[in-house]
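The following report describes a single protein chain for a reader concerned with its geometry and side-chain contacts. The sequence and the coordinates are shown first.

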Amino acid sequence: PKMANIKIDGIDYDTDSLSEEAKATVVSLQFVQSELQKANATIAILKTAESAYVNSLKQEVEKTEG
């Protein structure tokens, strides 16, 4: 199967013309980038949950102080 072109520092490279070692590195890079996207999505979810818990806690504290 033909691999897609890859852009590095603004320059497009034809992955089919790369060495086998470079192709393997492209696969590893794509895996890492995918994992980073998942991690960033998880961070966004956790920050949203954290905010909800902080707001909930504030409401509970205000009830007990009032």
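## Salt bridges and the helix

E35 is partly exposed, with a relative accessibility of 33%; the classes used here are buried for under 20% relative accessible area, exposed for over 50%, and partly exposed in between, with a 1.4 Å probe and protein chains only. The model is a predicted one, in which local features need pLDDT of at least 70 and side-chain atom pairs count only at pLDDT 80 or more, whereas totals for chains, interfaces and linings use all residues. Residues are numbered from 1 along each chain as its sequence is written, and side-chain values use heavy atoms, with hydrogens and water left out.

E35 is the partner of K38 in a salt bridge, a term that denotes a side-chain nitrogen of Lys or Arg within 4 Å of a carboxyl oxygen of Asp or Glu. Side chains of opposite charge can pair when their charged atoms come close. A search of the whole structure returns 3 salt bridges, and the table lists the pairs with their N to O distances.

| Lys | Glu | Closest N to O distance |
|---|---|---|
| K23 | E20 | 3.5 Å |
| K38 | E35 | 3.2 Å |
| K63 | E60 | 3.3 Å |

The spacing along helix α1 can be stated for each pair. K23 and E20 both lie in helix α1, 3 residues apart, which is about one turn of the helix. K38 and E35 are separated by about one helical turn because they are 3 residues apart in helix α1. For K63 and E60, a spacing of 3 residues in helix α1 likewise corresponds to about one helical turn.

The accessibility of the partners completes this picture. K23 is buried, at a relative accessible area of 18%, whereas E20 is exposed, at 60%. In the pair formed by K63 and E60, K63 is exposed at 60% relative accessibility, and E60 is partly exposed at 41%.

## Fold and overall dimensions

What secondary structure does the chain contain? The chain has 1 helix and 2 strands, where helices (H or I, at least four residues) and strands (E, at least two) are DSSP runs numbered from the N terminus. Along the sequence, these elements follow the pattern β-β-α. The radius of gyration is 22 Å, well over the 11 Å that the globule rule gives for 66 residues, so the chain is more spread out than a compact globule. This radius is taken over C-alpha atoms, and the globule rule is 2.2 Å times the number of residues to the power 0.38. The C-alpha trace spans about 70 × 20 × 15 Å along its principal axes.

Of the 66 residues, 6% count as buried. The accessible surface of the chain is about 5,800 Å², and 58% of that area belongs to carbon and sulfur atoms. Accessible areas come from the Shrake-Rupley method with a 1.4 Å probe; for residues, only the protein chains shown count as cover.

## Strand region and its contacts

I6 is found in strand β1 and is buried, with a relative accessible area of 11%. Leaving aside residues up to four places away in sequence, I6 touches I11, D12, Y13, T15, V26 and L29, contact being defined as heavy atoms within 4.5 Å. The C-alpha atoms of I6 and V26 are 8.1 Å apart, although 20 residues separate the two along the chain. A4, in the segment before β1, is exposed at 52% relative accessibility. Its C-alpha atom is 10 Å from that of V26, at a sequence separation of 22 residues.

I8 also lies in strand β1 and is partly exposed, at a relative accessible area of 41%. Together with I11 and Y13, I8 makes a nonpolar surface patch of about 260 Å². Patches are made of residues with over 30% relative accessible area and no salt bridge; like charges are joined within 9 Å, and nonpolar side chains (Val, Leu, Ile, Met, Phe, Trp, Tyr) within 5 Å.

D9 lies in the loop between β1 and β2 (11-13). D9 has a positive phi of about 50 degrees although it is not a glycine. Most residues other than glycine have a negative phi. D9 is exposed, at 78% relative accessibility.

## Confidence

The mean pLDDT of the chain is 92, and 95% of its residues reach 70 or more; pLDDT is the predictor's confidence in each residue, from 0 to 100. Among the elements, helix α1 (residues 20-65) has the highest mean pLDDT, 96, and strand β1 (residues 6-8) the lowest, 88. Where pLDDT is low, the predicted coordinates should not be read in detail.
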